[in-house]
Amino acid sequence: FLTVCPLLLAIAAGTVWTLIFLVRHKKNIREYRETLKTNVVTSIVILLFMVHTSILQTTFLSFRCKNIGDSDRPHTFLERDLDVECWKDEHLQYVLSLSVPSLVVWGFGTPLFAWIVLSMNKAHLEEPNFRTKLGFLYDGYRIDVYFWEFIILYRKIAMVFIAVFMSSLGLIFQALSVILVAFVAYILQLHYLPFEDPTLNALETRSLISATLTLYCGLYYLNGNLPEEMNYLLMIALFAVNATFLFKWGKDCLLYTSDAADDLLCVDLGGRRII
């Protein structure tokens, strides 16, 4: 179902907006044609990016097989349905007809296409009409780092890939792979500082540091032979790291909700509330 879900969402968005405009502006629908087109495009973009990770995870799971034989004579079955033997008629047909096209088109193709569209229209990113259609993809980022949403998206893809395909390699290998992804994300974050608001840049940096340290400390737990004192120290370290991040996050959120945010952040927020 998730393979055709984006098409169904696009059709639904177009149908709903068309019906709304027919009811509201049935006498002069031609005058609102451009507004209708803008609303449909915006809705499709938002809906596609909302379901993207779920589609990708489901697609990856169709490649995940479990060996119930021995190493000399492997006998693999689909992990989520052990009645289906991997890479035989039924599974192979499903993979070639649905999983591979879904992975190419929705998993990697759609974000890449959106990235190309933004790249080709860099001169129009700040125009009201263009921002209304595709601003969801770059609002909040510095205009020269309009592509940052795609960096985050492909980071999520890497995380899903590690969760689905590397589970058979052991928790330590998975944790090390996630730490590597988080470290690369941290380096990119420091290099680009993509958010317009410096407070959001600081929050993103702290969140990546907290995630990396939490995973690193968790590696010691996987050893299973630590002295009791070391377990307590790790617990305290994990609590301190995450409590510090949550405290700073809560403080910044409260700051954003106060009317004094403009003066304290030196950013013209108009005292708006974002939570």
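**Getting to know this fold**

Q: What share of the contacts in the protein chain with a separation of 6 or more comes from residues 24 or more positions apart?
A: This is a predicted model, where local features need pLDDT of at least 70, side-chain atom pairs count only at pLDDT 80 or more, and totals for chains, interfaces and linings use all residues. Residues are numbered from 1 along each chain as its sequence is written, and side-chain values use heavy atoms, leaving out hydrogens and water. A contact means heavy atoms within 4.5 Å. Of the contacts with a separation of 6 or more, the share from residues 24 or more positions apart is 54%.

Q: Which pattern does the protein chain follow along its sequence?
A: Helices (H or I, at least four residues) and strands (E, at least two) are DSSP runs, numbered from the N terminus. The chain has nine helices and two strands. Read in order, they give α-α-β-β-α-α-α-α-α-α-α.

Q: How much of the protein chain counts as buried?
A: Buried means under 20% relative accessible area, exposed over 50%, and partly exposed in between (1.4 Å probe, protein chains only). The protein chain has 275 residues, and the buried share of them is 33%.

Q: Which element gives the most residues to the largest nonpolar core?
A: A nonpolar core is a set of buried Ala, Val, Leu, Ile, Met, Phe, Trp, Tyr and Cys residues joined through side-chain atoms within 4.5 Å. The largest one has 18 residues, and F49, L118, L137 and F150 have the most contacts inside it. Elements giving it two or more residues are α2 (33–61), α3, α4 (128–134) and α5. With four residues, the top giver is α5.

Q: Which residues does F49 touch, if you skip those up to four places away in sequence?
A: F49 is one of the residues with the most contacts inside the largest core. Leaving out those sequence neighbours, F49 touches P111, A114, F136, L137, F150 and L153.

Q: What kind of aromatic pair do F161 and F165 form?
A: Rings of Phe, Tyr and Trp (its six-membered ring) pair if their centres lie within 6.5 Å; planes under 30 degrees apart count as stacked, over 60 as edge-to-face and the rest as tilted. By this rule the count is 13 aromatic pairs. F161 and F165 sit 4.8 Å centre to centre with 40° between the planes, so the pair is tilted.

Q: Where do F161 and F165 both lie?
A: F161 is partly exposed at 36% relative accessibility, and F165 is partly exposed at 27%. They are four residues apart, about one turn of the helix, and that helix is α5 (residues 148–165).

Q: Is L92 buried, exposed or partly exposed?
A: L92 lies in helix α3 (residues 89–120). Its relative accessible area is 35%. That falls between the two cut-offs, so L92 is partly exposed.

Q: Where is W87 found?
A: W87 has a positive phi of about 60° although it isn't a glycine. At 43% relative accessibility, W87 counts as partly exposed. Its home is the loop between β2 (76–78) and α3.

Q: Where does L193 lie?
A: L193 isn't a glycine either, yet its phi is near 45°, a positive value. It counts as partly exposed, at 40% relative accessibility. You'll find L193 in the loop between α6 (171–192) and α7 (198–223).
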